[in-house]
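Q: Please take me through this model. How should I read its chains, its contact and its burial?

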Amino acid sequence: MMGPLLISLYVFVLAAFLGFELINKVPPTLHTPLMSGANAMSGITVIGALTLVTVASPSVGIVLGLLALILASINVVGGFLVTDRMLATFGGRK
Amino acid sequence: MTITDLTALLALGSIALFVIGLKRLSRVRTARSGNALMAGGMLLAVLITLLEIGLVDYRWIITGLVVGGGIGVAIVVRAQATQMPEIVARFNGFGGAASALVALSLFWLAVVEVPGDRTTADALGATAAVTLVLSVLIGTATLSGSILAELKLRGTMSKDPRVPLRTAVMAGLVLIGLGVGLFAMFSLADTGVAALVVIAVVVASLLVGIVLVLPIGGADMPVVISLLNSLSGLAAAATGFALSNQLLIIAGTIVGAAGLILTQIMCVAMNRSLVNVIAGSFGEAGDVEHGEYGHVVSADAESAAMVLEAAGSVIIVPGYGLAAARAQNAAYDLARALLDRGTQVRFAIHPVAGRMPGHMNVVLAEAEVPYELLFEMSEINPEFSQTDVAIVVGANDVVNPAANDTPGSPIAGMPILEVENARRVFVIKRSLSPGYAGIKNALFEREHTVMLFGDAKEVLTELAGEVTQAR
């Protein structure tokens with residue numbers, strides 16, 4: 001059996017290969033929306049923030065976590081919305 | 001089946017949605033559905049996480065999601081089409097900051113706020129200790145870099161000051177941040193002192209982002225933002241290691257890797273190398289080309305409209321000036337007026353016209369210009385020689401013939417729209433001021449070029465009016 005660190009390392013390396021292979025030959029039209037969509041995806045850190053702000057008593061740690069949750073939520077919600085707005089008028093209806 | 005098994009299985013579904021979504025987002029026909037799939041993957045990831053943490057006190061969770069989501073919606077609703085690139089830069093900074101804050105929050109909750117003296121490595125394990133520092137470093141540098149990129153895109157900050165010994169300064173800051181941070185994690189048992197050292201790491205990282213972006217010119221901001229986006233993905237992945245959250249590691253790493261490839265693709269489209277962009281060398285050779293304009297012909301909209309009325313084919317070339325003047329609707333009005341007369345009208349889209357690759361597509365799409373009228377550079381370039389009039393609206397460097405015929409020019413070799421091959425060229429521009437590359441444009445001096453000075457929206461509206469009346 002592999003230890004948890006080794007599993008994480010495997011996951012990391014394989015995900016990197018996947019990411020490298022996923023994108024090729026993007027038409028220039030889509031450079032900005034693709035960047036914007038990928039940027040929204042990097043807001044995935046929202047799930048990290050969710051696991052931290054689970055106690056009621058406010059402390060420095062909770063405040064930092066709450067701030068992280070707010071910023072990550074802005075990144076996710078705003079990011080996907082702005083991408084959709086860019087794509088709404090071209091491509092999608094074709 | 002335990003809850004853990006169930007959430008682990010569901011996480012696979014979330015990853016699948018991300019991967020398929022990202023793939024579809026890179027093709028025009030499927031792009032919008034791809035974005036929706038990714039959003040679905042994100043929603044699933046959040047639901048999985050809520051399921052995993054079980055019954056807890058939800059007040060901060062709900063507050064954070066509602067406040068953050070609300071602000072996100074508000075920013076997008078209030079944004080204008082020309083501001084999209086800045087918005088992406090801002091969101092990117094938020095994403096990086098969030099990852100750094102998650103790491104800091106973990107550090108405070110699990111180390112500083114737990115009574116007793118022990119090192120962070122003892123409390124959280126060596127992996128978490130190392131990746132925590134990485135997350136803070138990368139995430140914070142992404143934040144300061146993105147803020148600076150947004151200011152440069154807006155034009156609030158137009159100078160690109162040199163930083164003496166920049167590479168050494170940056171390397172020094174990174175090494176100090178990393179070294180000091182790791183020392184605090186592994187050797188400082190007094191958590192209060194460790195916390196102070198971590199704050200110092202945050203300051204060093206903020207400086208790294210600033211030094212990185214400071215000397216890079218506005219024209220290269222798209223590439224920089226794409227690179228910062230890749231970094232914010234890596235920051236999320238580092239956070240994933242610190243929390244041993246596989247979903248976070250996978251999604252963050254995919255963004256990191258895909259973002260790097262996209263950055264490379266953008267560099268190729270702009271005919272620049274990534275090293276070149278980061279070095280911030282753009283425009284340094286520009287002084288050579290500075291110079292006064294000699295023979296420049298200008299005219300008013302009325303006489304230009306008369307030429308347009310006689311034209312059989314017209315190509316409109318939009319640039320950042322069109323987006324800045326919010327003239328996309330006026331441009332489409334002119335196109336329709338000409339189309340009504342039976343004139344052939346096409347829009348020529350340079351891949352990097354505007355502040356970001358694809359910027360013109362976004363702006364014209366907002367005016368609902370039909371996709372069939374938009375042509376990419378490779379399709380439209382052979383057509384200019386058979387075209388009566390080319391109308392350049394607020395574009396400069398992307399139509400500068402120096403890219404083809406002046407080897408020493410800073411933009412030499414950059415693919416351009418060969419506008420000068422058209423029989424007549426109209427250039428709608430506020431003034432003769434240079435574009436981003438900071439160089440003179442010989443096109444404006446050509447015999448068949450006529451400058452129509454003024455605000456793009458006003459000139460286009462006037463032209464459309466004249467053309468419509470002439471029927």
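The dialogue below takes up these topics in turn.

A: This is a predicted model, in which local features need pLDDT of at least 70, side-chain atom pairs count only at pLDDT 80 or more, and totals for chains, interfaces and linings use all residues. Residues are numbered from 1 along each chain as its sequence is written, while chains are lettered from A and ligands numbered from 1 in the order in which they are written.

Q: How many residues does each chain bring to the contact?

A: Two residues are in contact if their C-beta atoms, placed from the backbone, lie within 7 Å. Here chain A brings 77 residues and chain B brings 97 residues.

Q: Which helices of chain A each supply at least two residues of the side that touches chain B?

A: Helices are DSSP runs of H or I, at least four residues long, and strands are runs of E, at least two, numbered from the N terminus. The helices in question are H1 (4–22), H2 (31–41), H3 (46–52) and H4 (60–88) of chain A. H4(A) gives the most, with 28 residues.

Q: How many residues of H2(A) are buried?

A: A residue is buried if 20 or more other C-beta atoms lie within 10 Å of its own, with C-beta atoms placed from the backbone. In H2(A), 11 of its 11 residues are buried, including His31(A), Pro33(A) and Asn39(A).

Q: What does chain B contain?

A: Chain B has 18 helices and 6 strands. Of its 471 residues, 55% are buried. Its C-alpha atoms fill a box of roughly 85 × 50 × 30 Å, taken along the principal axes.

Note on methods
Buried ≥ 20, exposed ≤ 12 C-beta atoms within 10 Å, placed from the backbone.
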